[in-house]
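Q: I have a structure open here and would like to talk through it with you. Can we take it piece by piece?

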Amino acid sequence: MSVNFFWKAFELYPFLNALFIGLSLASIWFIAAIGLAIIYGTMGVVNMAHGEFIMVGAYTTYVLQSLLGINFFICLPLVFIIVGLFGWGVERTIIRSLYKRPLDTLLATWGISLVLVQAVRLIFGTSPLYVSVPNWLNFQIDFSFLHLSGLRLLIIIIAMGLFFATWFLINRTSWGMRIRAVMQDKEMASCFGINTDHVYGLTFAYGAGLAGAAGGLFGALKTLFPDMGSGYIVEAFLVVVVGGIGLLGTVFSATALGELNSVFSYFTNDTFARFVLFTLVVVFLRFRPQGILTDGLKRR
Amino acid sequence: MAYITLFAILALVPIVFDDSFLLNQLSRYSVFAMLAVSVSLVWGIGGILSLGQGIAFGLAAYGMGMTMQMQFQDPITNPIPSFMLTNELEHLPLLWEPFWSTPLGLMLAWLVPVTFFVGFGAMMFQARVAGVFVSIMTLAMLAAWYSMAYDMQPFTAGFNGISPPLPFSIFGVDIDPYSPLAYWICIGFLGTLTILTKLLIHSKFGLIVQATRDDAERARFLGYNVAYYQVVVFAISGFIAACAGICWVMVVQYVSPTSLELSMSVSAVVWAAVGGRLSLMGAILGAFLVNGIQSYMGDELQQVWMIILGFIFIGVVLFLPKGLISIFEYIFSIFDSKIIKQSKNQTENEAL
């Protein structure tokens, strides 16, 4: 079998389209990863249930939409609050006792993800469900070489908006200052009178809420089924770990990984692109385990 | 001692029970137990939470599947497996050529995963990657291999998997998956590997590995090449997982990307954690217990069972980090201390 089996000839317009799709992919991964990045950066907690938070957000959107008839755009902030509250509860009960044991938090959150998947399966059944978007979003941009759906464009815009919102929250509010203080040194921050437990709880809630809102968006993009979380968790982790602990790093790594994935799948196909991408990430991590951008924080 | 009792009991099962379905079930559980032992070794003893034991398991499973498939093919009349014909391959790919010979196929089924683990481990541990990062890297690698197996349909039959039509045959003996022979082979593997691993743990090598688990920096300062020990223990656990993969395909006569799925690898971690990661016996019991209950819960309870398992898992992680077997150890320690107290009283009286 020759290598030519895989590689497609390079054509400009489809390639540019692939780059654009990469941007859409990057925005999806960024939104999925940002909650995880904040949780991991502040608390050092590896939340294996993040994908399931996304899934819960999607199903909550479905419930809000179909049972209560709420507009899609109002659903999103509602889901943010609901899943955020749920995340806060999880943090208080389970995560709180595991701060000294990072590997055990990984396992405990995996247990939570198992429970969530099965609970959703019990409540909603295994057949796929759908979240619908308002009609005016159902357009397609057909712009010489660019083919992109309205929803994906919305996701890109929301990703940028989220980036700015989170940046503002972390760098320009007093709550954000507390988070940064706790991120740098928990003990010292608490010496200065910051209630670190409170900060941890709110941070986890924020991360979970972001995941929930992400779920609402992604649910509209694809169908809802109980296992959908697993499709996001590995990519989200890789984005977080490659990006390093920091907002800007997450943006860079999401863009880089999204574009690389799209480019690889342009030349070969989706699954092989995944294989190459993951191997590259593993090799990258070996040489730079702290990620692309770090603020000089100690490597966890 | 307890180990020998356990294996003696397990070995006697086919003599007592005549149910071939039960034997096959127990063979599967023993494969899972081997996986759990490999996790217990690399995590409980080595301190490396590898979420990618499935890589060795899956690679060996595919190797065995290919060997078994080629046993069925005849070089002259039927040289190419049918799934390849459906994928429009006209010649047997180079990758499959070595599997014409059963001994070579088996060798490869062991060699490839272990070599990969050695290389991958060396890459990680030389860079002093530790803790959570190792878990994520093994996770990513596992996902990568899964994509590979899923995608390369002409080679691996994609998500349909390879189902060799005949049971495995070695030295002229057909090993029927439902026979006591298959069962004894699996239990034999499990027993030998467990006892060898136990000896390894109690050897000097094992002590050093536990030292690197407890504090890698300190071990480095004491002069030990921590990366070397981590790579070796990682590779040995890969070897155990590979044996599990080989026995698995022998017992179920089927291999698919499912064996490279994340849920399989993490389930192995769950069994080891629930049973007791610091003890090989605990890992084995955990695997048998969880899978046994899962199989016999029936469909109705099966749904709820996963939630219960999730909660048990969370509970064990939170409250019983040493697993369920620590309850037994606690009970035994109460008896022990009572006996010690009694003998102490006696000696004191005599001295007076």
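Q: How many residues does helix α12 of chain B have, and what does it reach from its first C-alpha to its last?
A: This is a predicted model, and in it helix α12 of chain B covers residues 262–275, which makes 14 residues. From first C-alpha to last the helix reaches 20 Å, close to the 20 Å expected at 1.5 Å a residue.

Q: And is α12(B) enclosed or not, and why?
A: It is largely enclosed by the rest of the structure, because 11 of the 14 residues of α12(B) are buried.

Q: Which ones are buried in α12(B)?
A: The buried residues run from S265(B), V266(B) and S267(B) through A268(B), V269(B), V270(B) and W271(B) to A272(B), A273(B), V274(B) and G275(B).

Q: What comes just after α12(B)?
A: Just after the helix comes G276(B), which takes a positive phi of about 135°.

Q: Let me pick A273(B). Why does it count as buried?
A: A273(B), whose place is in helix α12 of chain B, has 32 C-beta neighbours inside 10 Å, and a residue counts as buried at 20 or more, so A273(B) qualifies.

Q: What is A273(B) in contact with, leaving aside its neighbours within four places in sequence?
A: In chain B its contacts are F313(B), V316(B), V317(B) and G323(B), and A273(B) is also in contact with L107(A) from chain A.

Q: How are A273(B) and S237(B) placed, by C-alpha atoms?
A: They are 36 residues apart along the chain, and their C-alpha atoms are separated by 16 Å.

Q: Since L107(A) came up, how many residues of each chain are in contact with the other?
A: There are 37 residues of chain A in contact with 36 residues of chain B. On the side of chain A that touches chain B, the elements giving two or more residues are α4 (102–124), α9 (230–243) and α11 (270–287) of chain A, and α4(A) gives the most, with 15 residues.

Q: What is that side of chain A like by class?
A: It has 25 nonpolar residues, together with 7 polar and 5 charged ones.

Q: Changing topic, what about chain B as a whole?
A: Chain B has 15 helices and 2 strands. Its radius of gyration is 22 Å, close to the 20 Å that the globule rule gives for 352 residues, so chain B is as compact as a globular protein of that length. The C-alpha atoms fill a box of roughly 90 × 55 × 40 Å along the principal axes.

Q: And how much of chain B is buried?
A: Of its 352 residues, 47% count as buried. As for contacts in chain B between residues at least 6 apart in sequence, 80% join residues at least 24 apart.

Key:
Residues numbered from 1 in each chain as written. Chains lettered and ligands numbered in written order. Predicted model: local features only at pLDDT ≥ 70, side-chain atom pairs only at ≥ 80, totals over all residues. Helix = DSSP H or I, 4+ residues; strand = E, 2+ residues; numbered from the N terminus. Expected span 1.5 Å × (residues − 1). Buried ≥ 20, exposed ≤ 12 C-beta atoms within 10 Å, placed from the backbone. Contact = placed C-beta atoms within 7 Å. Nonpolar A, V, L, I, M, F, W, Y, C, P; charged D, E, K, R; others polar. Rg over C-alpha atoms; globule rule 2.2 N^0.38 Å.
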